[in-house]
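Colleague: Could you take me through the ligand site in close detail? I'd like to know what surrounds the ligand and which atoms make the contacts.

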Amino acid sequence: MCGIFSYYGKKKNAPEIVIEGLKRLEYRGYDSWGIAYKQDSEIHVHKETGKISEFKVETADFKDSEVSIGEVKEKFTLSIGHSRWATHGRVNKTNSHPHFTEDKDIVLVHNGIFENYSEVKAYLKKKGHKFITETDTEVIAHLIEEHLKTHDFLEAVKMAIKEMEGRFAFVVISKNSNKMVAARKGSPLIIGVKGKEYFIASDIPAFLPHTNKIYYLDDNQLCSIENGEIEFFDMDSFDPIEKRIVEIELDIESAEKGEFPHFMIKEIMEQKDTLNRAINQNEDQILKVADAINKAYGTYVVGCGTAGKVGMVGEFLFSKIAKKHINFSFGSEFTSHKPFLTNKTLMIAISQSGETADTLEAIEAAKEKGVKIVSIVNVESSTMARMSDIVLPIKAGPEKAVASTKATTSQIAIMTLLAYACAGKLYEGKQLLINTASQINDMLNPRYEEHIMGIAKRIQDVESMYIIGRDVNYPIALESAIKLQEVSYIHAEGFAAGELKHGPIALISENTPVIALVSNDEYKKEILSNAMEVKSRGGYIIGVAPENEDVFDFWIRVPDTGNTSPLVNIIPVQILAYQLAVLRKNDPDKPRNLAKSVTVK
Ligand code: F6R
């Protein structure tokens, strides 16, 4: 949620470097964007609304701007940038970042929420500060400026941080200092380093074309760069910290679209490989977690959105495979479980980004009670991974499309492995998953896509559609609805198939599409009757199933894989959602109102 990219170094085209970096971070927020850089002891700012990917530096018109994106003639260039997902204040140029004080003494970009900003703003107003936006970020700039009256720049930043509540990350520069200061408390910030050049970004792929050497800025740490040298400090004690450069292996290609028109379809197709990577977990770690689950007095699985639906799938899988009860909670609802936590409880946190504020807060609440944390996470450098006792990395590679696809199936695969391991049958589970991955490999071909396109064309103009499933495919019905909603903007809802007759069936009218997830299991007969009830009321049944059934108007074949049916059932719906988005001329990678990682509560 919001992307930060900043550059400190000797390259003269720093603003361009920052714009290119922001383009690679656009999936984090795409309402508006802005950059700032220092030139002749002045800080110049340029802001735009809309998507930065559509902005071309070569043809850009800077007539109404105070900047010209050309060479910066400074010994070291300081440039900061931001792509925004609006939280405080509407989407317009004024509210977009960077934010600054009246004469641009202090200019900063910020991600996260400064929770007590209104009290601080009221205090600063009394001191004579004038504000031009409704944002919390502008207040940080003024707070630092206030402390500049009595401290130097770095000290002023440190003093300001002491007064800030909430989760945030920011990068700030000052007219009267050659320092660039960055701080991290709960929102990601990673520093790429190449000799005396530094790239500060919300995510690693943003600076991969420049370097794969990084410093991890941990939570509650800040850094200051001056004359090509970097120093790190603890945010509470302000003691200096020693850090090591880490070399990472991510390649640029995996973070690019390649021959695919969109990241979403690229990531759907990658599931052939990503599943195998997820299954190939360190067996000792899986057994260690399974042992911890078996010994725990209560296991909570926590996640949000799609990752939450994976947690729900886990509840069913554990009951089915390991005959074990685990509790699921959305991150945002977790506090109500707090009274039941002890130091014998276990939490499994599921997340692609590892930065989702609601899940992080649940982890914090659990840690306070001594709960042991296991995370199933894609971004291994994330806050969540670093807060966990054990990390099971899903190894899906960068997921850029806002709608989660490959991370979802990898997370489901790991939950399946854990359930089998808890039942003492890890090898059986692994074998089943390997077979499933190979069947998915066969499934993902152009003919399959074409077949699904037939149905996408048939339903592209409907107002509403529904998805039904039973048992472990009930959460998959919910997840299917999320996928369809977020990229097609069609009103889609998932139901436990048996629940239809208790109310929702009233929504069915002539030709309402209903996707029925029909697996070859003990619930098959019941769900087929539920589909028939829908059909009798005019509904149009799209069956996702291993076999064609009389009740289906349209059949999408999936392999019969037994306990891994959630994996094979979600994939055709991901493809359908993608195709509907394209047919309806929506951007599947950057759906409206959303952002990739949700770092606000
Ligand atoms: C939907 C989607 C979101 C995320 C949710 C949690 O396709 O991607 O619902 O699943 O915001 O994000 P992570 O997994 O990063 O914690």
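Modeller: Sure, here's the site, from the overall setting down to individual atoms. Bear in mind that this is a predicted model, where local features need pLDDT of at least 70 and side-chain atom pairs count only at pLDDT 80 or more, while totals for chains, interfaces and linings use all residues. Residues are numbered from 1 along each chain as its sequence is written, and side-chain values use heavy atoms, with hydrogens and water left out.

Start with the setting: the ligand lies between domain 2 (262-443) and domain 3 (445-601), because both give residues to the shell around it. Those bounds come from an automatic or database domain assignment. There are 15 residues around the ligand, each with a heavy atom within 4 Å of it. Helix 8 (305-322) and helix 14 (473-488) are the elements that give two or more residues to that shell; helices here are DSSP runs (H or I, at least four residues).

As for chemistry, the shell splits into 6 nonpolar, 7 polar and 2 charged residues, with Gly counted as polar. Ser351, Gln352, Ser353, Thr356 and Glu486 come nearest to the ligand.

Now the polar contacts (pairs of N or O atoms within 3.5 Å). Thr356 uses a polar side-chain atom, 2.4 Å from an oxygen atom of the ligand. With Gln352 the backbone does the work: one of its polar backbone atoms is 2.7 Å from a ligand oxygen. Thr306 also goes through its backbone, where an N or O atom lies 3.1 Å from an oxygen atom of the ligand.

And how much of the ligand's surface does the protein bury? Taken alone, the ligand exposes 410 Å², and 89% of that is buried by the protein (Shrake-Rupley areas, 1.4 Å probe).

Note on methods. A polar contact is a pair of N or O atoms within 3.5 Å; within protein, one must be able to donate a hydrogen and the other to accept it, and residues adjacent in sequence count only if both atoms are side-chain atoms.
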